[in-house]
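User: I'd like to go through the empty spaces in this protein and whatever is bound there. Can you take me through it?

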Amino acid sequence: MGESEHLRKHEIDRRAFLRAAAGSALPLVALCSEGDALGQTNLAPPGGSSRIGLVIREKMPENLEFPFAELNSLLTPNDLFYVRSHFAVPKLDAQSWRLKVEGAVKTPLELSLEDLMKMSSKTLPATLECAGNGRVFLSPAAKGAQWELGAVSNAEWTGVPLGAVLKRAGVLPGAVEVILEGADSGEIKDPPKPTGPIHFARSLPLSRANRPDVLLAYQMNGKELPASHGFPLRAVVPGWYGVASVKWLTRLVVTERPFDGHFQSVDYAVWERPNGIPTRVPLTEMQVKSEIARPDSHEIVAANSVYRIFGAAWTADSEISKVDVSTDGGHSWQPAKLLGRPVGNTWRFWEMMWSVPAQHGRVTLLARATDVRGRTQPLLRQPDAENYMIHHALPIDVDVR
Ligand SMILES: Nc1nc2c(c(=O)[nH]1)N[C@H]1C(S)=C(S)[C@@H](COP(=O)(O)O)O[C@H]1N2
Ligand SMILES: [Mo]
């Protein structure tokens, strides 16, 4: 799809949205102004889109990809937010659901949704990226869902800081981590594996868990958390790979030693080499990364035209300071223009006007982001990351014609 076509489509989506907003209740309008507050104007806010849908990577369990070439709003509408689930969506009923808080705490708790909603809430945006996003670019092929560019999305989350719940339970001295357990469960296929079904579970060091921006969220973009995204309660850990943001939470266990569960050490872990000794460490922070949304891979781009290359970039605990784009497979680089203004834990849109050459042929585009802390995307895949953290500059081939 050409850029002008995209702009036209965007206009259609926007008009449809405005029509919908005009005839509906406040929330959409409120989200609209929040969209602007995120530093972007003229972009369709979340509210559902008419024709675009998620790309199926796996039907059961649900693994659905945001069509990244359709990127046009800073907040991803709930029905376009990527879904990454390891087991079937558990059926939970808000009335009988409880969150247990136990382990190394003074007062074990059993909280209802109502109890949590009575606590003071917070709303903040967070971009979540699956650690396997971009896996289809790896060669030889790596195991896991073959995500293209869209296992990443951004939403505004409302909930209670995890730290406030831990405080209510009273963490005992000597505790180091909190395990977050989801209601979903199933059997692991490949060894090493425990016998029988296990729940999805992940831990956070207490130092991270107590950060004020780590939420137990019950709303997504101002609406009730959808079933696929963790209804009625999920964790949101801004800046960390999506795996840390445990969905369908039913139990928090405060522990006196680091957790070694399946999704912590066998899966969603990589090798690091402190002192030159390989050791297994859980994935934590998202790595600095940019992705080209348009042109789409293998799009036909008009020779001799000016094309607006458009994409997003994100990092953890920092801000994007620049994005450089190459239109010759990495031989030369030009700065892109960062759009809007930086918003904490949120991807930043960027664009670069490309003077497309007259000569016909295959062209490889690359984008490379750098953050304020000086971290830059590598041009080549780093060793030891196995099938995760695919954040080297990903080549997008287009046909100039
Ligand atoms: N309970 C539970 N939580 C989970 C998962 C899961 O399978 N079960 N998947 C994790 C992974 S790997 C990612 S990337 C994010 C995806 O969140 P989303 O489906 O809302 O996009 O949820 C995380 N939380
Ligand atoms: Mo993930």
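User: Start with the largest cavity. How do the residues of its lining divide into nonpolar, polar and charged?
Analyst: This is a predicted model. The lining of the largest cavity divides into 11 nonpolar, five polar and four charged residues.

User: Which residues lie nearest the centre of that cavity?
Analyst: R84, R234, G242, S245 and K247 lie nearest its centre, out of 20 residues that line it.

User: And what volume are we talking about?
Analyst: The largest cavity holds about 220 Å³ of space.

User: What sits in it?
Analyst: Ligand 1 sits in the largest cavity.

User: OK, ligand 1 then. Which residues come nearest?
Analyst: There are 18 residues around ligand 1, and the nearest are Y82, D184, H229, R234 and K247. The shell is made up of nine nonpolar, five polar and four charged residues.

User: Which atoms of ligand 1 do the side chains of R234 and H86 approach?
Analyst: Oxygen, in both cases. An N or O atom in the R234 side chain is 2.6 Å from an oxygen atom of ligand 1. For the side chain of H86, an N or O atom is 2.7 Å from an oxygen atom of the ligand.

User: What about D184?
Analyst: D184 has a polar side-chain atom 2.7 Å from a nitrogen atom of ligand 1.

User: How much of ligand 1 does the protein bury?
Analyst: The protein buries 100% of the 530 Å² that ligand 1 exposes when taken alone.

User: Back to cavities. How many are there of 30 Å³ or more?
Analyst: The count is four cavities of 30 Å³ or more. The second largest has a volume of about 100 Å³.

User: Which residues line that second one?
Analyst: Its lining includes W314, T315, S318, E319 and I320, and also P342, V343, G344, N345, T346 and R348. By type, the lining divides into four nonpolar, five polar and two charged residues.

User: Now pockets. How much space lies in the largest one?
Analyst: About 700 Å³ of space lies in the largest pocket. It is lined by 28 residues, and H86, I188, D190, H262 and D267 are the closest to its centre.

User: H86 again. What is the split by type for that pocket?
Analyst: The lining of the largest pocket has 12 nonpolar, six polar and 10 charged residues.

User: Which helix gives the most to that lining?
Analyst: Helix 6, residues 262-266, gives the most, with three residues.

Conventions. Residues are numbered from 1 along each chain as its sequence is written. Chains are lettered from A and ligands numbered from 1 in the order in which they are written. This is a predicted model: local features need pLDDT of at least 70, side-chain atom pairs count only at pLDDT 80 or more; totals for chains, interfaces and linings use all residues. Side-chain values use heavy atoms; hydrogens and water are left out. A residue is near a molecule or strand if one of its heavy atoms lies within 4 Å of it. A polar contact is a pair of N or O atoms within 3.5 Å; within protein, one must be able to donate a hydrogen and the other to accept it, and residues adjacent in sequence count only if both atoms are side-chain atoms. Accessible areas come from the Shrake-Rupley method with a 1.4 Å probe; for residues, only the protein chains shown count as cover. On a 1 Å grid over the protein atoms alone, a cavity is a set of points where a 1.4 Å probe fits but cannot get out, and a pocket is an open set with protein on both sides within 12 Å along at least five of seven lines; lining residues have an atom within 4 Å of a point. A molecule sits in a cavity or pocket if more than half of its atoms lie within 2 Å of its grid points. Ala, Val, Leu, Ile, Met, Phe, Trp, Tyr, Cys and Pro count as nonpolar, Asp, Glu, Lys and Arg as charged, and the others, Gly among them, as polar. Grid points are joined across faces, edges and corners, and a volume is the space filled by probe spheres set on the points. Helices (H or I, at least four residues) and strands (E, at least two) are DSSP runs, numbered from the N terminus.
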